[in-house]
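Reader: I'm new to this structure and would like to learn how to read it. Could you walk me through it?

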Amino acid sequence: DYRSPVVAARMSTWFTLGPLLGGLTMVIAAANRSGSSWAQDAAILGGASMAFGLTLGPSVGYAYSGEHLRGWGVGVLRLVGLTVGTYALASAVLENAFCEEDCSQKDTSGPAILGLTLVIASVISAIYDVAKAPDAARRSNARNGLSDLNLVPVVAASAPGAFRGLALAGRF
């Protein structure tokens, strides 16, 4: 089957942006209603939606193209990296934030740098996969012998006169 590079790009883009924007909306709504009973649940669900959108959303274009191991494997690695990075960053920040005067200050720069590096790597990997999803569709078409399929304008002459239209042209 022919796999459209445009569809692969759109699927990766929208399955990434949709959960990110929806989750961000939930987190902002929870922050504005911090005293209500549902605010904590909304913040957790919004954060989870953003995490899954960022990590697994870019993989949808690869799955559409038939590269399931590449898409879902890298998506799960991004999810693990984002989870570990967020945990390391949050624990490094919170460890010294709640320390009183009698606490010994610990050096948390190592976990903070590790956490920040993992979070940034996950974001860069997601952007890269969204940008490269059309290439996965092209590789799928090349594997299946559908190397080029396009909609082209046509002007054809017929007995009563010439007509214009569109034709599907390709190499097989």
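Author: We'll go from the overall layout to single residues and their contacts. One thing to keep in mind is that this is a predicted model.

Reader: Let's start wide, then. How many helices and strands does the protein chain have?

Author: A good habit is to list the elements before looking at any side chain. Here the protein chain has five helices and two strands. Going along the sequence, the pattern reads α-α-α-α-α-β-β.

Reader: And what share of the 172 residues is buried?

Author: Buried residues make up 26% of them. The word has a cut-off behind it: buried means under 20% relative accessible area, exposed means over 50%, and partly exposed is what lies in between.

Reader: Can we try that on a few residues?

Author: Sure. P134 is in helix 5, and it counts as buried because its relative accessibility is 13%. M26, in helix 1, has 30%, so it is partly exposed. L168 belongs to strand 2 (residues 162-171), and at 63% it counts as exposed.

Reader: Those three sit in different elements. Which residues far along the chain come close to them in space?

Author: For that, compare the separation in sequence with the C-alpha distance. P134 and V7 are 127 residues apart in sequence, yet 7.9 Å apart in space. M26 and G46 are 20 residues apart along the chain, with 5.0 Å between their C-alpha atoms. For L168 and L151, the figures are 17 residues and 4.7 Å.

Reader: G46 makes me curious about its helix. What do you look at in helix 2?

Author: Its span, to begin with. Helix 2 runs over residues 39-56, which is 18 residues, and covers 25 Å from first C-alpha to last. That is close to the 26 Å expected at 1.5 Å a residue. Then look at burial: A39, A42, G46, G53, L54 and T55 are the buried residues you can pick out there.

Reader: Why do people care about residues three or four places apart in a helix?

Author: An α-helix has 3.6 residues a turn, so residues three or four places apart point the same way. Helix 5 lets you see this spacing in salt bridges. D135 and K132 are three residues apart in that helix, about one turn, and their side chains meet in a salt bridge at 3.5 Å, N to O. D135 also has a salt bridge with R138, at 2.8 Å, and that pair is again three residues apart in helix 5.

Reader: Are D135, K132 and R138 buried, exposed or partly exposed?

Author: D135 is partly exposed, because its relative accessibility is 26%. K132 gets that label too, with 32%, and so does R138, at 46%.

Reader: How many salt bridges are there in the whole structure?

Author: A search finds six. One of them joins D129 and R78, whose closest N and O atoms are 2.7 Å apart. This pair links distant parts of the chain: D129 is in helix 5 (residues 109-143) and R78 in helix 4 (residues 68-97), 51 residues apart. Both D129 and R78 are buried. There is also a network of salt bridges that links E67, R139 and R143.

Reader: What about aromatic rings? How do I describe a pair?

Author: You give the distance of the centres and the angle of the planes. In this structure, though, the count of aromatic pairs is zero. Rings can still have a charge over them. The charged end of R3 sits over the ring of Y64, 5.0 Å from its centre. In the case of R70, the charged end sits over the ring of Y62, 4.5 Å from the centre.

Reader: Last one: which residues form a nonpolar patch on the surface?

Author: When you look at a surface, ask what kind of side chains sit together there. W14, L17 and L21 form such a patch, with about 340 Å² of accessible area together. W14 is part of helix 1 (residues 5-32), and it counts as exposed because its relative accessibility is 57%.

Note on methods: Residues numbered from 1 in each chain as written. Predicted model: local features only at pLDDT ≥ 70, side-chain atom pairs only at ≥ 80, totals over all residues. Heavy atoms only, no water. Helix = DSSP H or I, 4+ residues; strand = E, 2+ residues; numbered from the N terminus. Expected span 1.5 Å × (residues − 1). Buried < 20%, exposed > 50% of the residue type's maximum accessible area, 1.4 Å probe, protein only. Phe/Tyr/Trp six-rings, centres within 6.5 Å; stacked < 30°, edge-to-face > 60°. Lys NZ or Arg CZ within 6 Å of the ring centre and 35° of its normal. Patch = residues over 30% accessible without salt bridge, like charges linked within 9 Å, V, L, I, M, F, W, Y side chains within 5 Å. Areas by Shrake-Rupley, 256 points an atom, 1.4 Å probe, with all protein chains shown as cover. Salt bridge = Lys/Arg side-chain N within 4 Å of Asp/Glu carboxyl O.
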